[in-house]
Amino acid sequence: MYELTQEERMILSMVDDLCVDVVAERAAAIDEEDEFPQDIYELFVEQGLFALAYGEEHGGVEVSMHCWVQVIERIARESPAVALMILISAIGSDALVFSGSAEQQRAILPALAAGEAKICFALTEPNAGSDISAISTTALPDGDGYTINGGKIFITNGAVGDWFTVFARVVEDGQSKPSCFIVHRYTPGLVIGRKEDKMGLRGSVTSQLYFENMHVGPEAVVGEVGDGFAIAHHTLNRGRLAVAALATGVTAASLAAAAAYAKERIQFGKHIADLQAIRFMLADMEITLEASRLLLDQAASAFGGDIQTMMKTASVAKVYCSEAAVKAAETAVQIFGGYGLCKDYPVERYYRDAKSFTIVEGTSQVQRSLIAKSVLKEY
């Protein structure tokens, strides 16, 4: 596995302190209130956590992908909804970091790295998500730019975002070219829709977006017209890696809670931790946690390399880690028994949050299709 540098270990130690002192205390309330935790956002800004996704040339801090995903995993042990703030800043700006013009990067990335602005990734539509070719939002040339019409759903931080990375079809010369645009919140014609009332990841606000004859200039295009496929796929690979980290955090939290409870709960005159059935359940949780971390490490090592290898390892990690989190959270609820169904204990929240990971950033079924395609090509 990757060996963290001394600076990276210091960063993780600082994150651990924040999680113990602040996030752990707020996690249940954030889930209950289902509002963006601005106070924790500002604390993360003070500690420079958003800068970890950006290089020094953009006002950020140089750390490895391994360090970044471990930061996400650690925060997710307390609250995946809070960890999503770090994740969305990175995947929302991924298009600018890897395909943006020098002018776009200078104008936007330093503010994102400093936490002075928030950004969102706006791809998913009612009939399009992982199937990028199916997006129906259009960007029609209008002489001095483009007019965008359409809508997006399930946009994380949509209600609080300042910048939006938007994918739309540019229709010109009889061709439909998926393209990427960067637009500001106050661009006329951009409408923020209602906030979704979700089962899990509550506190990470998810909204609809509408584009009603929204005009943008040519400077809003990220990369070249028609680059939308490549830009979206690169971002989704990073997003899937990050979701695997979120899931691994929930697996770790589920194991810790279940083990602690098993050593306290007495049934039939003994602690349930002394029962073989419970011991085997805890052992299986530990096995999946270790496997999840190894897959996460492998995917982090592949990031930035060959695109096909990166895609496969990210998909493998996301499928395994997300499904492992669901099983671990379910096992924790089972060990808690009736208390596992009550909001007085965190494991019911872990269960609700874990299910989200098998759906967001491409369902487990989509990931398996991508993995199978890679396997068939390899063999």
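In this predicted model, the sulfur of Cys 19 lies 13 Å from the closest cysteine sulfur, that of Cys 67, and this separation is too far for a bond. Cys 120 presents a comparable case, since its closest cysteine sulfur, in Cys 180, is 13 Å away and likewise too far for a bond. A disulfide would require the two sulfur atoms to be within 2.5 Å, and a search of the whole structure finds zero disulfides. Both cysteines are nevertheless buried, Cys 19 with a relative accessible area of 1% and Cys 120 with a relative accessibility of 0%.

Two annotated regions can be described by their secondary structure. The unreviewed UniProt entry assigns residues 120-214 to "domain: Acyl-CoA oxidase/dehydrogenase middle"; over this stretch the chain is 0% helix and 56% strand, with its end C-alpha atoms 17 Å apart. Residues 226-376 carry the annotation "domain: Acyl-CoA dehydrogenase/oxidase C-terminal" in the unreviewed UniProt entry, and here the chain is 77% helix and 3% strand, the end C-alpha atoms being separated by 28 Å.

In soluble globular proteins, nonpolar side chains tend to be buried together. The largest nonpolar core of the model contains 99 residues, of which Phe 44, Trp 68, Ile 72, Ile 75 and Leu 87 touch the most other members. Helix α6, spanning residues 228-262, supplies the largest share of this core, with 18 residues. When neighbours within four places in sequence are set aside, Phe 44 is in contact with Leu 18, Val 23, Leu 49, Phe 50, Ile 75, Val 82, Met 85 and Ile 86. A second core, separate from the other and made up of 19 residues, includes Tyr 146, Val 166, Val 216 and Ala 220.

Helix α7 comprises the 27 residues 276-302, and because a rise of 1.5 Å a residue predicts a span of 39 Å, the 39 Å between its end C-alpha atoms agrees with expectation. The buried residues of α7 are Ile 278, Leu 282, Met 285, Leu 289, Ser 292, Leu 296, Asp 297, Ala 299, Ala 300 and Ala 302, a set in which Ser 292 and Asp 297 appear alongside residues such as Leu 282 and Met 285. These buried positions pack against α3 (residues 65-78), α6 and α8 (residues 307-336). Just after α7, Gly 304 adopts a positive phi of about 90 degrees.

Key. Residues numbered from 1 in each chain as written. Predicted model: local features only at pLDDT ≥ 70, side-chain atom pairs only at ≥ 80, totals over all residues. Heavy atoms only, no water. UniProt positions renumbered as here; feature names shortened; annotations may be inferred. Helix = DSSP H or I, 4+ residues; strand = E, 2+ residues; numbered from the N terminus. Core = buried A, V, L, I, M, F, W, Y, C linked by side-chain atoms within 4.5 Å. Buried < 20%, exposed > 50% of the residue type's maximum accessible area, 1.4 Å probe, protein only. Contact = heavy atoms within 4.5 Å. Expected span 1.5 Å × (residues − 1).
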